[in-house]
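Grab a pencil and work through these exercises one at a time. Try each task yourself before you read the solution.

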Amino acid sequence: MTSAKSARRPHHWRRDLIELAALFTAVAVADAIANLIGHQPDGPYLLMASAVALVATAAFHTWWARRHSHAPPSDEADAVPVGAGATVGTTTTAGGAEGTGERGVAGAGEAGTTLWRMRTTVLDAPGSLAALCTALAGLRVDILTLQTHPLAEGTVDEFLLRAPATLQAQELSRRIAAAGGASTWIERADAHDLVDTPTRVLSLATRTALDAAELPLALRQLLGRCTIHSLPAVSVTGRATGQSAPVEGVLEETVMRLRDPSGGVISVERPYLPFTPTEFARARALVELDARLGPRVPRSEDVLTLPEGNEITVRRADRGDLAAARAMHDRCSQDTLGLRYHGPVADADRYLDHLLSPRFGRTLAVQTASGRLVALGHLLWDGDETEVALLVEDDWQRRGIGSELLRRLVALAEEAGCDSVYAVTQSRNTGMVAAMRALELPLDYQIEEGTLVITARLSSEEAATVRPTSEEAARPSAPTEWARR
């Protein structure tokens with residue numbers, strides 16, 4: 001690149017002599033004119049008018065010289081190519097490599113804009129991406145990131161866009177179709193989507209490495225809005241379900257089936273948008289990471305003091321607590337177990353292996369200072385809904401343990417971005433009803449054949465878009481086959 005110093009004009013002594021001669025000549029002429037005019041009656045006024053004219057002429061000359069400067073142009077390396085109202089920005093390919101892609105004319109800090117995620121399929125031909133970028137530039141849409149997913153026929157381009165707030169999704173889709181895009185899908189995005197793909201994948205891999213329960217949740221965040229089912233190989237009643245998948249998994253357009261390292265199958269469905277081979281490869285990589293690391297749950301604990309002075313510990317639970325949970329069942333009355341499981345009490349122990357599996361939700365355990373397990377609280381992913389359930393040993397009821405567990409479970413659901421949680425109980429279960437009311441959240445009640453379903457609305461639409469910010473946070477993933485018994 002040409003430096004500023006080398007771009008200056010050469011300096012010569014002849015120019016200095018000429019400038020000095022011109023200066024002396026101008027002074028002599030000015031003195032002669034002043035002597036001639038100064039002795040006239042209107043001489044002072046003529047001198048003032050001449051001074052003003054000279055100042056105006058000098059100012060005009062300076063403006064003209066700056067506007068029509070003859071300085072040499074900068075080197076081509078400093079120029080930014082501009083075409084069709086677009087400038088150059090950074091994009092990310094499907095493999096995570098950064099490259100060059102077009103960005104629209106709207107600035108990153110422009111007010112009154114909306115973020116959109118858009119995916120469209122184009123022919124794998126020169127100029128196809130340029131046509132899309134030209135169409136977006138015509139709408140004053142800024143391309144923030146771009147990922148490309150090569151297919152056997154064509155290419156799927158996924159954009160993160162900043163568009164004027166007045167631009168409707170229908171108009172955007174129509175323009176993209178006119179530019180050659182097919183099977184276009186558009187949804188609202190938020191500031192969290194500004195994180196580039198390699199960073200997001202590494203973050204999800206880290207969360208999965210720290211907590212086995214994060215796998216289905218990480219898959220959901222990786223793949224966007226989808227439904228994840230964890231299908232066990234053995235049902236809660238001990239019968240084989242026949243659910244299996246090859247080690248390499250199966251991809252069938254809008255459905256992918258991955259072998260669950262803990263047994264069974266993780267089924268991911270996204271009916272509105274087919275999965276690409278790149279997305280399938282990323283999902284398989286997360287599953288392989290989970291399989292290599294084996295079972296793991298964070299071992300954080302909170303010690304609380306009950307009103308009467310007894311200390312209890314609240315912590316995460318997993319299948320390692322199966323024996324202690326069964327012992328607690330043995331100490332619970334038939335009525336307590338019946339209110340919790342809504343089915344034959346004899347089957348209660350069978351549910352525990354399923355409940356304590358990290359694939360189906362989160363479980364919090366309460367133990368006394370002596371280490372005895374006296375309560376369990378479950379946050380269960382039921383498709384796109386979330387269930388909360390409590391079991392407190394008879395001798396430890398009416399001490400605020402259930403309310404404390406419920407409050408913590410709801411906090412986890414809020415961090416996970418859940419819109420609501422529901423509890424299935426019976427109208428005579430006054431303890432559960434009181435605990436739900438104590439949340440001070442909007443509640444809906446549904447009664448059917450003696451079963452009471454209480455739904456608590458957790459947050460507004462804005463809060464529902466917030467991503468998890470802690471190891472405990474999770475999005476709804478897998479349903480429980482016993483949830484509404």
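**Exercise 1.** Which residues line the largest cavity?

*Solution.* A quick note before we start: this is a predicted model, where local features need pLDDT of at least 70 and side-chain atom pairs count only at pLDDT 80 or more, while totals for chains, interfaces and linings use all residues. Residues are numbered from 1 along each chain as its sequence is written, and side-chain values use heavy atoms, with hydrogens and water left out.

Step 1: know what to look for. On a 1 Å grid over the protein atoms alone, a cavity is a set of points where a 1.4 Å probe fits but cannot get out, a pocket is an open set with protein on both sides within 12 Å along at least five of seven lines, and lining residues have an atom within 4 Å of a point.

Step 2: search. The whole structure holds one cavity of 30 Å³ or more, and the space in the largest cavity is about 30 Å³. (Volume here is the space filled by probe spheres set on the points, with grid points joined across faces, edges and corners.)

Step 3: list the lining. You should find Arg 316, Ala 317, Leu 355, Leu 356, Ser 357, Pro 358, Gly 361, Arg 362 and Thr 363.

Step 4: sort by class. Four are nonpolar, three polar and two charged. (Ala, Val, Leu, Ile, Met, Phe, Trp, Tyr, Cys and Pro count as nonpolar, Asp, Glu, Lys and Arg as charged, and the others, Gly among them, as polar.)

Step 5: find the top contributor. Strand 13 (residues 361–368) gives the most, with three residues. (Helices are DSSP runs of H or I with at least four residues, strands are runs of E with at least two, and both are numbered from the N terminus.)

**Exercise 2.** Is Thr 208 buried or exposed, and what does Thr 208 touch?

*Solution.* Step 1: place the residue. Thr 208 sits in helix 5 (residues 197–210).

Step 2: check its accessibility. Thr 208 is at 0% relative accessibility, so it counts as buried. (Buried means under 20% relative accessible area, exposed over 50%, partly exposed in between, with a 1.4 Å probe and protein chains only.)

Step 3: list its contacts (heavy atoms within 4.5 Å). Leaving out residues up to four places away in sequence, Thr 208 touches Glu 214, Leu 215, Ala 218, Leu 286, Leu 289, Asp 290 and Arg 296.

Step 4: follow two of those partners. Leu 215 and Ala 218 are among the buried residues of helix 6. Nine of the nine residues in helix 6 (residues 215–223) are buried. Just after helix 6, Gly 224 has a positive phi of about 85°.

**Exercise 3.** Which residues touch the most other members of the largest nonpolar core?

*Solution.* Step 1: define the core. It is a set of buried Ala, Val, Leu, Ile, Met, Phe, Trp, Tyr and Cys residues joined through side-chain atoms within 4.5 Å.

Step 2: pick out the hubs. Among its 35 residues, Val 366, Ile 401, Leu 405, Leu 406 and Met 436 touch the most other members. Helix 11 gives the most to this core, with seven residues.

Step 3: zoom in on Leu 406. Apart from neighbours within four places in sequence, Leu 406 contacts Val 388, Leu 390, Ala 435, Met 436 and Leu 439.

Step 4: look elsewhere. A second, separate core of 18 residues includes Trp 116, Val 122, Val 141 and Leu 146.
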